[in-house]
Amino acid sequence: MRLMIMAALAVSVLAANATAQTATTTPSGADLFGDRCSFCHLDGPGGQGPNLTGVVGRKAGSVADFGYSPALKASGLVWTPENLDKFLTDPGAMVPGAAMPIHVPDAATRQAIIGYLATKK
Ligand code: HEC
């Protein structure tokens with residue numbers, strides 16, 4: 001299990017490096033996700049945050065093997081692009097008690113990340 005996580009991490013780091021080399025001045029959603037999110041949101045189990053593959057359209061708090069905060073589990077939210085935009089702006093304001101510590105104050109950055117999340121199927 002540990003090895004699989006390491007391998008997944010190595011692959012995502014390599015992928016992030018590969019895209020960074022071709023990036024222009026505007027970082028892509030994939031790069032932004034790699035820099036700001038993938039640290040906790042691994043592409044497999046075992047991360048500090050839940051796996052975000054397929055998150056767009058998914059019910060909040062629904063990854064079976066992840067220990068969510070009671071607040072997020074009980075939120076009844078569905079992760080539409082609009083809800084993701086609001087959540088990423090200030091998770092604790094949208095879902096008081098939510099345990100994600102990251103804020104993304106810049107709207108264009110949020111849009112790029114949400115666009116990338118929509119491709120993670
Ligand atoms: C320091 C670790 C950490 C980082 C970095 C982080 N998150 Fe999270 N994220 C979490 C945790 C922990 C949760 C679960 C929150 C809860 O249970 O209340 C979470 C939950 C989420 C959820 C809800 C998922 C679900 O299944 O309901 C989304 C969406 C999300 N994060 C997106 C992001 C994005 C996009 C980024 C990068 C901008 C990011 N996170 C960065 C820790 C992190």
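**Notes on the core and the α4/α6 packing**

1. A good place to start is the largest nonpolar core, which has 18 residues; Phe33, Leu84, Leu88, Ile113 and Leu117 are the members that touch the most others. Three helices, α2 (29-36), α4 (81-89) and α6 (107-119), each give this core at least two residues. The largest share comes from α6, with 4 residues. As general background, nonpolar side chains in soluble globular proteins tend to be buried together. Please keep in mind that this is a predicted model.

2. Now for the chain as a whole. You will find 6 helices and 0 strands, so to speak an α-α-α-α-α-α order from the N terminus on. Of its 121 residues, 23% count as buried. Among contacts with a separation of 6 or more, 47% join residues 24 or more positions apart.

3. Next, have a look at how α4 meets α6. The two helices pack at an angle of about 130 degrees, and their axes are 10 Å apart. That angle lies outside the ranges for roughly perpendicular (65 to 115) and roughly antiparallel (over 145), and α4 and α6 are therefore oblique to each other. The crossing of α4 past α6 is right-handed.

4. Which residues make this contact? From α4 come Pro81, Leu84, Asp85, Leu88 and Thr89, and from α6 come Arg110, Ile113, Ile114 and Leu117. Sorted by class, the contact of α4 with α6 has 6 nonpolar, 1 polar and 2 charged residues.

5. Finally, Leu84 is worth a click in your viewer. Leaving aside residues up to four places away in sequence, Leu84 touches Trp79, Ile114 and Leu117.

Methods. Residues are numbered from 1 along each chain as its sequence is written. This is a predicted model: local features need pLDDT of at least 70, side-chain atom pairs count only at pLDDT 80 or more; totals for chains, interfaces and linings use all residues. A nonpolar core is a set of buried Ala, Val, Leu, Ile, Met, Phe, Trp, Tyr and Cys residues joined through C-beta atoms within 7 Å. A residue is buried if 20 or more other C-beta atoms lie within 10 Å of its own, exposed if 12 or fewer, and partly exposed in between; C-beta atoms are placed from the backbone. Two residues are in contact if their C-beta atoms, placed from the backbone, lie within 7 Å. Axes are lines fitted to C-alpha atoms, for helices over the stretch in contact, and angles run from 0 to 180 degrees between N-to-C directions. Angles under 35 degrees count as roughly parallel, over 145 as roughly antiparallel, 65 to 115 as roughly perpendicular and the rest as oblique. A crossing is left-handed if the near helix is turned anticlockwise from the far one by less than a right angle, and right-handed if clockwise. Ala, Val, Leu, Ile, Met, Phe, Trp, Tyr, Cys and Pro count as nonpolar, Asp, Glu, Lys and Arg as charged, and the others, Gly among them, as polar.
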